[in-house]
Amino acid sequence: MKTITVSGYDVASDTLRDQRLAQSLYDEGAVIMADVLLVLHGAEHRARRLLELRVFRRDFFRYYEHVVFPATLKQTVAPYEAAGRADLMELSYRLTMNLTADFAGIDRPLRDAEETERLRRQVMVFSEGATLVHSTRDKETVRNEVRAALAEFKTTFYEPSLARRQLLLTDFAAGKITEEDVPRDVLTVLLKNDERVEMAPDLMMREIAFYLQAGSHSTANATAHAFHDVITWCATHPEDRQRVDTDPLFLQRCVHESLRLHPASPVAWRRSTCPMTLPTGADADADDRVVIDLATANRDPSIFGVDADSFNPHRILRDGTPPWGLTFGIGVHTCLGRDLDGGLQPRADTDPLTHQYGIVPLLVQELIKRKARPDPSDPALAASHTERANWGYYPILLDTVC
Ligand code: HEM
């Protein structure tokens, strides 16, 4: 088996769209990732994606941004506001974990800090398991931690959430409640299973665990990177400071630029399912590994300009190139949470009052409103448990908003 690396933006994009290539980045993390949506291929992937796509509709994103998100934000931020300080990683994780739990279909009946913290700890372990290929720790130790976290998740969160949904679906079938009373989330969709997609009970639980980690891990990291990039940019470009405070479309543009520079995974891995010629012209045998270098593709100077390596929210983009580059992937595995997290790209006639901004831009906006700033007495630290370039600890000071 040989490894072929693809790094130019256009060829990386064409390679990700090539359906003869199957997912392979998560083979090491099979303890949690085996047979979940992201690793499926062909007809099996199509059927499951179509089923789960029902949850990811734009009308629901809008409702989520305007109704659910502000309430969850208020509740999560309150203790940090009172203290006047936070670890941005912890704050982002708590918030985004609640957000993803709503989409995945995991109830948090108590809604208190202890319950959130318990779920957050479990999800952190799932994340480390999923990205095991990039872990710097002993892999078998991490696998055992994932098994223990899954067992705890099953009794503390999964089974009660499952039972409540089963009951609601029975009541709905009996005409006792209406469709509005049934939750709109991945677990409910899987239980209803209108498409009759085969799924063993253990896989269904891991699918939900996968959603929890896929959504919260990448959103929390993206929020910390975006906050850091915006604050750093404003320090050297005071002319944009006020715009960041008052122009949410500009702030969204800043977040998209940050997403381009910091893809959640620096690489996508694929396996060739047959002998083939790749879009680069290289020949691959069956089962060769194709590494798509997203981080390098997103900094391709022929697409993003000579300053592609730096943060520049005024960058002029080629028509049709998403401002976040390949950070949300492309092709059959394109991220289902893309519009939820990044929002929609504004058009010339976009109304800033009704625009869908996305959860990461909204979160950064909320931090800016609270005058969040790095704590000068406690420097931020990079994450040490992974080769991925993420923040591990990011202390901030913040004010209260009424
Ligand atoms: C900034 C935040 C996020 C980033 C950067 C991100 C990135 C990605 C990328 C790159 C992929 C494709 C991987 C590949 O092709 O190998 C992906 C897939 C996926 N993402 Fe995200 N993601 C984010 C947030 C979310 C959220 C919030 C959710 C759910 C609520 C989510 C759910 C998914 C799912 C279900 C897939 C698998 C799709 C499939 O295989 O058909 N993501 N994500």
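Which helices each supply at least two residues of the shell around the ligand? In this predicted model, the helices that do so are H3, spanning residues 42–52, and H9, spanning residues 201–236. Of the two, H9 deserves a second look, since this helix gives the most to the shell, with six residues.

Now for the ligand's surroundings as a whole. The ligand sits in the largest cavity, and 25 residues surround it. Sorted by character, the shell holds twelve nonpolar residues, ten polar ones and just three that are charged. The closest residues to the ligand are His 45, Arg 49, Arg 270, His 333 and Cys 335.

Some of these closest residues can be followed down to single atoms. Take His 45 to begin with: one of its polar side-chain atoms lies 2.7 Å from an oxygen atom of the ligand. For Arg 49, a polar side-chain atom is likewise found 2.7 Å from a ligand oxygen. With His 333, the distance between a polar side-chain atom and an oxygen atom of the ligand comes to 2.6 Å.

Another spot to look at along the chain is helix H7, which runs through residues 139–173. Follow H7 along to Lys 154, and there the helix bends by about 50°. Keep going past the end of H7, and just after it comes Gly 175, whose phi is positive, at about 75°.

Note on methods
Residues numbered from 1 in each chain as written. Predicted model: local features only at pLDDT ≥ 70, side-chain atom pairs only at ≥ 80, totals over all residues. Heavy atoms only, no water. Bend = angle between axes of the 7 residues up to and from the residue. Helix = DSSP H or I, 4+ residues; strand = E, 2+ residues; numbered from the N terminus. Near = heavy atom within 4 Å. Polar contact = N/O pair within 3.5 Å; in protein donor to acceptor, adjacent residues only side chain to side chain. 1 Å grid on protein atoms, 1.4 Å probe; cavity = no way out; pocket = protein on both sides within 12 Å on 5 of 7 lines; lining within 4 Å. Sits in = over half its atoms within 2 Å of the grid points. Nonpolar A, V, L, I, M, F, W, Y, C, P; charged D, E, K, R; others polar.
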